[in-house]
Amino acid sequence: MMQQQAFHEGMKSAGEKDIITLGRAGFAGSQRYGAAIWSGDIHSTWEDLQQQVRAGLNIGLSGIPWWTTDIGGFLAAK
């Protein structure tokens, strides 16, 4: 959160108004600094997809509205 705060304050002091930063980690409170959280690289497995759904729900419950994940190239096995 401190990295997100430093980035936000630096951009604000430079005159920016709409500030968003993409990071791999976030904590409750990160949303006040325009943090969009990315879960990082994931594998192309159904287990990883299942974990991403849980991660997205948990980060939403912590009050962070912007979250994203990689799609990981999910394909059904033939």
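What follows is a friendly conversation about the predicted model shown above.

Colleague: Happy to have a look with you! How many helices and strands are there, and which pattern do they follow along the sequence?

Modeller: This is a predicted model, and the protein in it has two helices and three strands. Read along the sequence, the pattern is α-β-β-α-β.

Colleague: In what order do the strands lie in the sheet, and which of them are the edge strands?

Modeller: The three strands make an open sheet with parallel pairing, in the order 1-2-3. An edge strand pairs on one side only, and that holds for strand 1 (21–23) and strand 3 (67–68). The edge strands are therefore strand 1 and strand 3.

Colleague: How many bridges join strand 1 to strand 2, and which residue of strand 2 is the bridge partner of Gly 23?

Modeller: Strand 1 and strand 2 run parallel and are joined by three bridges. For Gly 23, the bridge partner in strand 2 is Ile 37.

Colleague: And on to strand 3: which residue there is the bridge partner of Trp 38?

Modeller: Strand 2 covers residues 35–38, and its parallel pairing with strand 3 has two bridges. The bridge partner of Trp 38 in strand 3 is Thr 68.

Colleague: Which residues of strand 2 are buried on its two faces?

Modeller: Strand 2 is covered on both faces. One side has Ala 35 and Ile 37, and the other side has Ala 36 and Trp 38. The buried residues are thus Ala 35, Ile 37, Ala 36 and Trp 38.

Colleague: Let's zoom in on Ala 36. Is it buried or exposed, and what is its relative accessible area?

Modeller: Ala 36 sits in strand 2. Beyond its neighbours within four places in sequence, Ala 36 is in contact with Ile 20, Thr 21, Leu 22, Gly 23 and Trp 66. Buried means under 20% relative accessible area, and Ala 36 is buried, at 14%.

Colleague: How far apart are the C-alpha atoms of Ala 36 and Gly 23?

Modeller: Along the chain these two are 13 residues apart. Gly 23 is also among the residues in contact with Ala 36. The separation of their C-alpha atoms is 6.4 Å.

Colleague: Now helix 1. What span should its 12 residues have, and how far apart are its end C-alpha atoms?

Modeller: At 1.5 Å a residue, the 12 residues of helix 1 should span 16 Å. The distance between its end C-alpha atoms agrees with this, at 16 Å.

Colleague: Which residues of helix 1 are buried, and which strands do they pack against?

Modeller: Helix 1 has Gln 4, Gln 5 and His 8 buried. They lie on the same side of helix 1, because they cover an arc of only 100 degrees around the axis. On the other side, Met 2, Gln 3 and Ser 13 are exposed. The buried residues pack against strand 1 and strand 2.

Colleague: Gln 4 catches my eye. Which backbone oxygen does its side chain reach, and at what distance?

Modeller: Gln 4 is in helix 1 (residues 2–13) and is buried, with a relative accessible area of 2%. Its contacts outside the neighbours within four places in sequence include Thr 21, Ala 25, Tyr 33 and Ile 37. The side chain of Gln 4 reaches the backbone oxygen of Ala 25, at 2.8 Å.

Colleague: What about helix 2: which residues are buried, and which strands do they pack against?

Modeller: In helix 2 (residues 46–61), the buried residues are Asp 48, Gln 52, Gly 56 and Ile 59. They cover an arc of only 85 degrees around the axis, so they are on the same side of helix 2. The face turned away from that buried side carries the exposed residues Glu 47, Leu 57 and Leu 61. The buried residues pack against strand 2 and strand 3.

Colleague: Which residue with a positive phi follows each helix?

Modeller: Just after helix 1, a positive phi of about 100 degrees belongs to Gly 15. After helix 2, the residue with a positive phi, near 95 degrees, is Gly 63.

Colleague: Finally, what radius of gyration does the protein have?

Modeller: The C-alpha atoms fill a box of roughly 55 × 20 × 15 Å along the principal axes. A compact globule of 78 residues would have a radius of gyration near 12 Å. The protein, however, has 15 Å.

Technical notes. Residues numbered from 1 in each chain as written. Predicted model: local features only at pLDDT ≥ 70, side-chain atom pairs only at ≥ 80, totals over all residues. Heavy atoms only, no water. Helix = DSSP H or I, 4+ residues; strand = E, 2+ residues; numbered from the N terminus. Expected span 1.5 Å × (residues − 1). Buried < 20%, exposed > 50% of the residue type's maximum accessible area, 1.4 Å probe, protein only. Arc of directions from axis to C-beta. Contact = heavy atoms within 4.5 Å. Polar contact = N/O pair within 3.5 Å; in protein donor to acceptor, adjacent residues only side chain to side chain. Rg over C-alpha atoms; globule rule 2.2 N^0.38 Å.
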